[in-house]
Amino acid sequence: MHSALISVASSFSELRNKEVINICDGSLLGCISDLEFNSCTGEIYSIVLPGNGLLASFSSKNRITIPWRDIERIGKDTILVKYSGEA
C-alpha cells in the first residue's frame, strides 16, 4: 500500500481544498477538481486538476491527471506529487 494512503483525508471536500505541489520542479499545479476511481472497489486511480486558463474548470482539454501512485505525501495543507507533465 502506498504511503500516501495512510494519511489520506477523510473526504473529497478535504482533499480538494489542498494545493497540489509538484516535487519535480516545485510548481503549484492547483487544487483537485475531481477523482477517477473504480466504482466497484472504490479504489482511487488518479486525481484530476483543472489545468491552466480562465475557463479551465469547465474544459477537459487542458486538465491534469495524476495517477494515485504518484502522490508522495498528503499533508495538512498540501499534496506533494511527482508530475512529469505526461498523463
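Here are legends for four close-up views of this predicted model.

**View 1. Glu 36 and Arg 63 join up in a salt bridge.**
Let's start with one of the two salt bridges in the structure. Side chains of opposite charge can pair when their charged atoms come close. Here the side chains of Glu 36 and Arg 63 meet, with 3.0 Å from N to O. Glu 36 sits in strand β3, which covers residues 34–37, while Arg 63 belongs to the loop between β4 (44–49) and β5 (64–67), so this pair ties together parts that are 27 residues apart in sequence. How buried or exposed is Glu 36? Glu 36 is partly exposed, with a relative accessible area of 29%. Arg 63 is partly exposed too, and its relative accessible area is 35%.

**View 2. Lys 82 and Glu 72 make a salt bridge.**
In this view, the side chains of Lys 82 and Glu 72 meet at 4.0 Å, again going from N to O. Where do the two partners sit along the chain? Lys 82 is in the segment after β7 (78–81), and Glu 72 is in strand β6 (residues 71–74). The two are 10 residues apart, and the pair links distant parts of the chain. As for the surroundings, Lys 82 counts as partly exposed at 44% relative accessibility. Glu 72 has a relative accessible area of 28%, which makes it partly exposed as well.

**View 3. Three strands line up in an open sheet.**
Strands of a sheet pair through backbone hydrogen bonds, either parallel or antiparallel. Follow the order β3-β4-β5 and you'll find antiparallel pairing. Why do β3 and β5 each have one side without a neighbour in the sheet? They stand at the edges, each with a single partner strand, so one side of each is left open in that way. From one strand to the next, the twist averages 25°. Now zoom in on β4 and β5: these strands run antiparallel, and four bridges join them. One detail to look for is Ile 47, whose bridge partner in β5 is Ile 66.

**View 4. Two cysteines, Cys 24 and Cys 40, in a structure with zero disulfides.**
A disulfide is a covalent bond between the sulfur atoms of two cysteines. How many turn up when the whole structure is searched? The search finds zero. Have a look at Cys 24 anyway: this residue is exposed, with a relative accessible area of 54%. Cys 40 also counts as exposed, at 75% relative accessibility.

Conventions:
Residues are numbered from 1 along each chain as its sequence is written. This is a predicted model: local features need pLDDT of at least 70, side-chain atom pairs count only at pLDDT 80 or more; totals for chains, interfaces and linings use all residues. Side-chain values use heavy atoms; hydrogens and water are left out. Buried means under 20% relative accessible area, exposed over 50%, partly exposed in between (1.4 Å probe, protein chains only). Two strands pair if DSSP finds at least two bridges between them. Axes are lines fitted to C-alpha atoms, for helices over the stretch in contact, and angles run from 0 to 180 degrees between N-to-C directions. A disulfide is a pair of cysteine sulfur atoms within 2.5 Å.
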